[in-house]
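Me: I'm new to this one and would like a close look at a single part of it. Could you pick one strand, walk me through its surroundings, and then say how that part sits in the bigger picture?

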Amino acid sequence: MSEWWTYTLSDLLMFSKPTYFRLFALLNEAVWPAHLLAILAGLALVAAILRGAGKAGRLAAALLAICWIWVAWTYHAQRYAGINLAAPYFAMAFALQTVLLCWLGTHRRAPAIASWRGPLGGLAFGLVLAGLLVYPLFAVFDGRGWQQAEVFGIAPDPTVAVTLGMLLLWRAPWFLWILPLLWCAVSGATLMELRSPQAWVMPAAGLLALAAMFIARLRMRPLPRQHQHTSVTG
Amino acid sequence: MSLPSIERRRILTAALQAMLAAGACAFAPPLLAQQPLVTRPIPSSGEQLPVVGLGSWITFNVGDDAQARAACTEVVKAFFAGGGRLIDSSPMYGSAQSVIGDALARLQHPQALFSADKVWTGSNGAAQIETSRKLWRIPRFDLLQVHNLLAIDAQLPLLQRMKATKRLRYVGITTSEGRRHGEIVKLMESQPLDFVQVSYNVLDREVENRILPLARERRIAVIVNRPFRQGELTHSLAGKPLPGWAAEIGCTSWAQVLLKFIVSHPDVTCAIPATSNPRHALDNMLAARGPMPDQNLRRRIVAEVKKLT
C-alpha cells in the first residue's frame with residue numbers, strides 16, 4: 001500500500017495525553033497488588049547487582065523475562081491495544097525480548113554481572129535505580145498523581161530502563177539491545193507528540209546505555225582470558 | 001421608605017449596566033442559542049445539514065475507560081442538544097467507533113443522527129464496513145468515505161455499489177492536512193461523489209483555491225476536518241480577549257470565531273470539530289447559529305488570528 005508514506009506520526013498517534021496516562025491509572029488499579037511482587041523483583045535485581053555472581057545473573061534474566069512478558073500481555077495487549085493500533089506489534093516485540101532474556105538466562109555460560117563500581121558500572125546501576133525509584137515519580141512531578149505512576153515490571157518505560165542497565169552490566173550480546181533501544185525511540189516519539197515533559201527520558205537513557213556499551217566493548221577487547229564473564233558478548 | 005424616582009432610576013440603570021458588563025458573555029450564549037440553526041443542503045439530494053458536526057479523531061479514542069466513555073456520551077448528548085446531526089469517525093480512530101456506538105445506545109439512538117464513517121483498508125472493505133456498522137450499532141451508514149484515498153480503486157466502486165443497492169445514502173472521499181490534493185481534484189472531476197472531506201481553517205486555506213470552487217461546480221458537499229488545527233489554534237488563542245467585532249457575529253469564544261470563519265465559506269457544508277468536553281461541544285454548536293461573517297470580517301478574522309498566533 002503505497003499510501004502509507006503519506007502518514008506522519010501525528011496522524012497515527014490517535015489518542016490524547018490524558019487518555020494515554022489514564023491507561024496507567026487503570027492498569028495500576030487492575031493489577032494491584034502485583035506492584036508488591038514488582039517491588040520484590042526490583043529488590044532482587046539490586047541484590048543480584050550487588051552480589052554479581054553467575055547465578056545472580058541467571059536470576060536477574062529470569063526476573064526481567066517475567067516482567068517483559070507481563071508488560072506485553074497486561075499493558076500492550078490488554079490495554080494499550082485499545083487505543084493504539086500498533087500495540088499488538090509492541091506486545092509481540094516484548095514477547096520476543098522475553099524469549100531473548102530466557103535464552104540469556106539459560107545459556108550454558110551464565111550471564112555474569114560486571115561490577116557496579118566505576119563509571120560504566122555506576123551508570124548501569126544508576127539506570128536500574130532510576131527505573132525502579134525515579135520513573136514512578138514522573139507522574140507526580142507532572143501533576144498526574146500517584147494513581148498514574150509508571151512502575152517497573154508493570155509499565156513499559158521503567159521496565160526498559162532497568163533492562164538497559166542490566167544489559168550494560170551483563171555486557172549482553174548486541175541482539176538483546178535491539179528491542180529495548182527501539183522502545184526508547186518509540187516511547188520518546190510518542191511522548192514528544194503528546195508534548196509530555198518526560199519525552200526526553202527514554203531516548204536519553206537509550207543513548208547513554210548505547211554509548212556506555214560501545215565504551216565497554218572497546219575496553220573489553222584487550223582483556224585477558226580469565227575475565228570469562230565479560231566474553232559472552234562474543 | 002420610598003426612594004425618589006430619579007434616585008431609583010439611577011440605581012436601576014447602574015445595576016443594569018453592572019449586569020451587562022459582568023455578565024455579557026454569560027448572557028450571549030442563550031441569545032445565540034435562540035437564533036435559528038444555520039444549515040446547508042447536500043447538493044446531490046437537497047437534504048439539509050447543520051453547518052457544525054462532530055469529529056471523533058483522538059477525542060473519542062479512550063479505550064475501555066468507563067469514566068472517559070461516560071464523558072464522551074455527555075459530549076454526544078450536548079451535541080444533539082445543540083442541534084447537531086453529523087458525527088464522523090473512522091476505523092483508523094482506535095476505539096472511537098465503539099465509543100460512539102456506546103453513546104448512541106445510551107442516548108437511545110437520537111433520530112437526528114447523520115452517521116458518517118470511512119473505509120480504511122487495503123483489502124476487504126465490505127468486512128471492515130460491517131465491523132464499523134456493528135460498532136456504531138446502527139442499521140446502516142448515511143455516508144461512507146474512502147479514508148485518505150486508501151485503496152481508492154477498490155473501495156470507491158464498493159461504496160458506489162452499496163449506494164446503488166440502497167445500503168448507503170452518500171459516498172465520499174477524504175484527505176487531511178493538505179495531503180494528495182491533486183488526486184482529490186482528479187477524483188472530484190471524474191467520479192460521482194456526494195461528499196469530499198478536507199482540512200480547512202483560518203491558517204490552512206489551500207482548499208479555497210481549487211477544491212472548494214470545484215466542489216461548487218461539481219455539486220459536491222464539503223466536510224471540513226481539523227478546524228482548530230488539532231487544538232493548536234484554540235490553545236494559542238486561549239486567554240486572549242476577543243476583538244470587539246466578534247460580537248457582530250454573536251461569538252463569545254475563539255472556537256466560535258474559528259468555526260464561523262469556516263462555515264461562512266459558501267462552499268463548505270459542515271465543519272467537524274472534535275472535543276472531549278461537553279461544554280465545548282455546546283459552545284461549538286453555537287457557531288452554527290446567528291449571523292455569519294461577511295468577506296470583510298473574514299479577512300479581519302484571518303489577520304487577527306495570524307497576529308495572535
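Reply: Here's a walk around one strand of chain B, followed by a step back to the rest.

Keep in mind that this is a predicted model. Let's take strand S5 of chain B, which covers residues 143–146. Which way do its residues point? Leu143(B) and Gln145(B) point one way, while Leu144(B) and Val146(B) point the other way. That fits a general pattern: in a regular strand, side chains alternate between the two faces of the sheet. As for burial, all four of these S5(B) residues are buried.

Now for the neighbours. One of them is strand S4 of chain B (residues 114–119), which runs parallel to S5(B) and is joined to it by four bridges. If you want a spot to zoom in on, look at Asp117(B), whose bridge partner in S5(B) is Leu144(B). To get from S4(B) to S5(B), the chain passes through helix H4 of chain B (residues 125–136), and this β-α-β crossover is right-handed.

Carry on past S5(B) and you meet another β-α-β unit, made of S5(B), helix H5 of chain B (residues 152–164) and strand S6 of chain B, and this unit is right-handed. S6(B) spans residues 170–174 and pairs with S5(B) in the parallel sense, over four bridges. Here the spot to find is Gln145(B), which stands opposite Gly172(B) in S6(B).

So much for the strand itself; now zoom out to its chain. Chain B has 309 residues, and 47% of them count as buried. Its secondary structure comes to 11 helices and nine strands. Take the contacts in chain B between residues at least 6 apart in sequence: 79% of them join residues at least 24 apart.

There's also a nonpolar core to look at. The largest one has 161 residues, and those with the most contacts inside it are Ala60(A), Ala124(A), Val196(B), Val222(B) and Ala271(B). Helix H4 of chain A (residues 54–77) gives the most to this core, with 13 residues. On the chain B side, try Ala271(B): leaving aside neighbours within four places in sequence, its contacts include Val51(B), Val224(B), Leu259(B) and Ile262(B).

Finally, how do the two chains meet? On one side 14 residues of chain A take part, in contact with 20 residues of chain B. The chain A side of that meeting divides into six nonpolar, five polar and three charged residues.

Methods. Residues are numbered from 1 along each chain as its sequence is written. Chains are lettered from A and ligands numbered from 1 in the order in which they are written. This is a predicted model: local features need pLDDT of at least 70, side-chain atom pairs count only at pLDDT 80 or more; totals for chains, interfaces and linings use all residues. Helices (H or I, at least four residues) and strands (E, at least two) are DSSP runs, numbered from the N terminus. A residue is buried if 20 or more other C-beta atoms lie within 10 Å of its own, exposed if 12 or fewer, and partly exposed in between; C-beta atoms are placed from the backbone. Two residues are in contact if their C-beta atoms, placed from the backbone, lie within 7 Å. Ala, Val, Leu, Ile, Met, Phe, Trp, Tyr, Cys and Pro count as nonpolar, Asp, Glu, Lys and Arg as charged, and the others, Gly among them, as polar. A nonpolar core is a set of buried Ala, Val, Leu, Ile, Met, Phe, Trp, Tyr and Cys residues joined through C-beta atoms within 7 Å. Two strands pair if DSSP finds at least two bridges between them. A crossover is right-handed if, with the strands pointing away from the viewer, the path from the first strand over the helix to the second runs clockwise.
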